[in-house]
Amino acid sequence: MVALATIFLAGCSKKDDLSANIVGLGGDTWTKGPIDEWISTNYTTPYNIEVKYKWDRSELGEIYKNVVPVKEELVVPIMSIIKNTWIVPYAAVKGEDFMKKYTQKQFYLAGSPSYNSNGTITLGTAEAGRKIVLLDLNTFNPANKPAVKQILHTMHHEFGHILNQNIAVVSDYQRITPSDYTATWFNIFRGAYSSNAALDKIMYEADFWGKGFVTPYSRSNKDDDFVETLSTLLEGGQANFDNIINNLFVYDGLYIKRNGKGVYEQNTDARAKLLKKKSIVVAYMKDSWGIDLTDLQTRTQAAIEAQSATADFNSLLGPGKTYGTITINPQKLSGLSTKFLTAYNTANTTLQAGNPQTNKGYYIDNISLIFTAANKVTLRVNFMDPTAALGVGFNGDFDYNINNVNGVITMAYATPQPTTTTYGNARVIEPYITTLLAYFNNQEFNIRWVDDIIPQSKSIFGGLVKTTDATSYLFGTL
Amino acid sequence: MMKKHLLYILLFTLVLGACKKDTTEPVIGNVDDRLSETLTNYQTQLNGAQFGWKGYLLTDNEKPATFLFTFNDKNRTTMSADYRTAPAESSYRLKALQRPTLLFDSYSTLHLLADPTSSVFGGATASGYYSDFEFAFLSSSADTIKLEGTFNKSKLILIRSKSAAESAAIFTALNNVTDAASKIRTYFKRTTIGGIECEVKWDPIAQVLSFSYLESGNLKTVTSNYYVSGPVVALYDPLVIGTTTIKQISDITYDAASFIVNANVNGNPIQIKEAITPLKLDVNAAQRWYNQMFANSNGTWVSDKAFHAGGVDDFCNFKNVAGYQNLWYAGPTVFGGTSEGLIAFVSNALGAPYVLSRNPFGINAGIARFTLGTNAGTFTGTAPIALAMNAARNLLYGGATVGSAQDWYLIPTSDDGKKYDMVRVSDAQAWISWRPR
């Protein structure tokens with residue numbers, strides 16, 4: 001009986017004809033070119049990452065949107081930057097194997113953004129640690145640093161999601177700003193708040209920085225908040241993050257609230273929240289992944305700088321150039337030299353204590369160095385009357401003759417000084433701010449970036465360092 | 001015991017029955033083999049064209065474009081387009097999606113029309129011109145391949161170029177037709193197709209042809225976009241007029257002596273002639289036009305190109321007026337009281353001189369009569385605006401003196417009744433297009 005059944009069963013076996021090649025089995029094929037070879041050498045072979053740049057609508061999350069493919073000539077420049085500023089720093093800190101294990105396995109590149117019905121555009125998506133879709137690449141220009149940083153921000157953002165999806169961040173993070181997450185985060189943009197541009201900027205920044213979020217997008221939800229903080233730290237650098245913190249104050253309309261001596265009221269709540277978020281990110285990277293964030297940040301910033309180098313500060317400063325003015329407000333800066341601060345603070349207290357009949361206890365709000373004329377720099381001392389409205393400030397201008405030789409200047413006090421209003425104002429405060437004036441008079445300075453003093457601060461702070469004393473310097477925002 | 005045997009017999013029967021093999025073979029072969037073969041054939045066909053393929057694209061929002069493609073067997077294509085003639089190389093691929101599909105899979109000249117970022121090449125934000133770069137094969141013969149965009153349903157027709165000269169002339173072929181079309185002096189054009197008299201509307205810029213004819217006393221209109229391949233005006237949608245189906249119009253020439261365009265439809269010669277009356281006048285259109293003026297923004301009609309007359313666009317030379325934006329026919333919202341008239345809009349302000357019409361506005365048997373009531377400002381001298389307004393006044397009222405009058409047809413040109421063409425009744429050789437402000 002068993003034998004019989006076996007015979008029947010054997011007799012019953014069917015054979016399908018499997019000789020035909022199934023079309024499309026094994027993936028898309030095309031004649032490989034130099035781009036494909038580059039990708040194979042730099043991504044697929046070392047990291048087992050596929051980089052898809054040829055159009056395949058099914059790779060898009062939202063296949064019903066009008067999106068166009070990437071320009072071929074941009075594929076290698078973009079992927080090269082991503083490799084150098086994302087994979088290489090991580091691999092240097094954590095080893096190649098870490099990247100081989102945790103990087104997503106596929107990139108999909110597309111040329112245009114994906115337009116959303118709420119008016120926003122999508123620049124990238126990450127899918128469950130497997131795939132990163134980068135959009136809007138056709139406008140990319142490797143020489144355009146903000147564009148490089150935007151792509152890098154997207155990369156570090158999406159990779160942050162992968163890390164967070166593998167090991168979740170502690171729930172303390174989402175308890176820092178629990179009530180300020182909003183689905184309508186995209187309503188936070190410049191121009192949404194006031195027709196007065198200055199007020200609009202203040203209100204715009206107050207709507208995310210002022211609430212303890214590093215970007216508008218980070219108000220979206222706890223996960224995006226976490227990875228935005230991480231990616232801003234890596235892509236923007238330490239100086240950028242500190243500068244955000246140092247500029248958080250309580251505003252009354254257009255002006256920062258302050259006491260009678262001009263001491264600003266800090267937004268301690270937002271500062272504490274942002275610093276708490278940063279400390280959790282740092283601890284998360286250390287405890288969960290054994291990554292020293294500062295080390296990674298330094299390497300990432302160096303890689304960005306290597307990718308598109310910043311010209312030296314002196315070549316960018318002056319009439320008709322990128323920068324014309326350095327603004328120094330010690331209440332908004334940290335890291336100014338003690339020697340400069342001593343001169344500044346002494347001048348300020350002397351001015352406040354001066355003759356109440358003539359100067360009403362004026363205080364210095366900020367000073368600026370204006371390089372908008374050839375062979376001249378104007379020291380502008382912005383001072384305020386504590387009894388007047390905050391909108392009423394005075395500028396006292398002091399002109400110095402300079403001769404700039406490769407970024408070295410000596411500031412020679414000009415005589416005679418002009419006699420217009422701002423120079424008249426200068427005569428009023430001149431007797432009280434001698435220490436400040438003496439800091440500049442006939443002193444020789446190097447005009448340069450101060451990234452050796454404040455790391456990763458190129459393009460944020462420009463400074464003057466005394467040639468005879470490297471421990472005496474000032475810098476300010478541009 | 002017997003019961004057990006019965007069961008075995010039953011089982012045995014079942015097994016035998018279950019073992020029946022299906023020996024049928026698909027008579028047209030294995031589906032994957034056929035698909036591979038189809039793709040291979042398309043590939044061979046595409047890269048086998050020595051002089052390339054002429055491509056005619058009509059996007060889903062009816063923007064026409066002409067291309068010249070060459071394909072090689074290494075997934076590379078070189079294309080030029082009427083809007084960007086410099087040849088540029090990019091990649092393509094044939095792929096079996098739901099249908100065999102031609103993918104232009106890296107950014108190229110063709111993608112400009114589909115780019116959703118309007119600052120790149122115009123069109124609508126998020127949509128561009130509703131164009132495609134993934135095209136499914138609809139049909140093919142040796143020299144013609146018809147494709148349809150899989151996303152926005154735009155149409156792409158590829159026609160094999162037969163010579164280097166044909167490829168070189170691809171972007172100028174349209175000009176010959178456009179020239180012939182624009183030589184007809186009158187707004188109205190007539191032809192006879194299959195014994196049926198038709199009014200022809202021909203927009204050579206948008207590449208649209210339409211024929212209107214009377215069917216039981218009602219005006220019936222059929223319209224199609226077209227492309228020009230060599231001497232042939234080919235319609236994207238075949239047009240049916242009576243019992244005649246038109247797929248293309250060929251051998252278009254202009255006879256300057258008789259002011260007639262000669263052409264050929266389905267092997268029969270046709271003549272497109274000038275006409276000074278519409279085939280069927282919409283007798284209520286003039287009144288509707290007048291009433292709509294009050295509903296428009298600022299109570300005004302606006303014309304961007306001002307008057308066409310005597311075969312010349314912008315006959316009055318408003319283009320010479322610095323800051324000219326458009327020409328208005330406006331009512332009391334602009335002029336106050338019960339006044340209405342013609343005035344130019346220049347550098348965001350209303351310009352002088354201007355003309356007021358006599359009230360009430362005359363409409364007789366569907367024909368509007370403009371009578372000159374008041375001249376305001378200086379029409380003499382050589383100031384461009386004075387010259388232009390003087391010419392416009394002479395056209396609209398048929399004269400410069402108070403009381404001069406001219407009759408005009410009003411022809412609705414949009415379904416919502418908010419766009420009109422106004423055509424001079426006397427000879428149909430002067431016209432102007434109005435839109436709401």
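Mentor: Let's start with a definition: two strands pair if DSSP finds at least two bridges between them. The strands themselves (E, at least two residues), like the helices (H or I, at least four), are DSSP runs numbered from the N terminus.

Trainee: Happy to start there. What should I keep in mind about the model?

Mentor: It is a predicted model: local features need pLDDT of at least 70 and side-chain atom pairs count only at pLDDT 80 or more, while totals for chains, interfaces and linings use all residues. Residues are numbered from 1 along each chain as its sequence is written, and chains are lettered from A and ligands numbered from 1 in the order in which they are written.

Trainee: Then what makes β1(B) and β9(B) a pair?

Mentor: Six bridges link them, in the antiparallel sense. The threshold is met, so the two strands pair. One place to look is L58(B), which stands opposite K155(B) of β9(B).

Trainee: In which order do the strands of their sheet run?

Mentor: The order in chain B is β4-β3-β2-β1-β9-β8-β7-β6-β5, nine strands in an open sheet with antiparallel pairing.

Trainee: Why do β4 and β5 of chain B count as edges?

Mentor: β4 (84-91) and β5 (93-96) each have a single partner strand, so one side of each lacks a neighbour in the sheet. From one strand to the next, the twist averages 30°.

Trainee: Which strands of this chain form hairpins?

Mentor: Two hairpins share β13(B). Strand β12 (residues 208-215) and strand β13 (residues 218-229) of chain B pair antiparallel over eight bridges, with L219(B) as the bridge partner of L214(B). Two residues sit between these strands, and S216(B) in the turn has a positive phi of about 50°. β13(B) also pairs in the antiparallel sense with strand β14 (residues 232-241) of chain B, over four bridges, and S229(B) stands opposite V232(B) there. That hairpin also has two residues between its strands, and G230(B) takes a positive phi near 60°.

Trainee: What is unusual about a positive phi?

Mentor: Most residues other than glycine have a negative phi, and most peptide bonds are trans. Y130(B) is a non-glycine residue with a positive phi, near 55°, in the loop between α3 (118-121) and β7 (134-140) of chain B.

Trainee: And where are the cis peptide bonds?

Mentor: One joins T415(A) and P416(A), with omega about -10°; P416(A) is in the loop between β14 (412-413) and α14 (421-429) of chain A. Another joins A352(B) and P353(B), with omega about 0°; P353(B) is in the loop between β22 (349-350) and β23 (354-357) of chain B.

Trainee: Over to helices. Why is α2(A) called roughly parallel to α3(A)?

Mentor: The axes of α2 (residues 34-47) and α3 (residues 72-94) of chain A come within 10 Å and cross at roughly 25°. That angle makes α2(A) roughly parallel to α3(A), given these classes: under 35 degrees roughly parallel, over 145 roughly antiparallel, 65 to 115 roughly perpendicular and the rest oblique. Axes are lines fitted to C-alpha atoms, for helices over the stretch in contact, and angles run from 0 to 180 degrees between N-to-C directions.

Trainee: Which residues make the contact?

Mentor: α2(A) contributes I35(A), W38(A), I39(A), N42(A), Y43(A) and Y47(A), and α3(A) contributes E72(A), V75(A), V76(A), M79(A), K83(A) and I87(A). Contact means that C-beta atoms, placed from the backbone, lie within 7 Å.

Trainee: What makes the sheet β1-β2-β6-β5 of chain A open, and which strands are its edges?

Mentor: Its four strands have mixed pairing. β1 (50-52) and β5 (124-127) of chain A stand at the edges with a single partner strand each, so one side of each has no neighbour in the sheet. Neighbouring strands are turned by 15° against each other on average, direction ignored. β1(A) runs parallel to strand β2 (residues 106-109) of chain A, joined by three bridges, and Q106(A) is the bridge partner of E50(A). Helix α5 (residues 145-166) of chain A packs on this sheet, touching β5 and β6 (131-134), and its direction makes about 20° with that of β5(A).

Technical notes: Contact = placed C-beta atoms within 7 Å.
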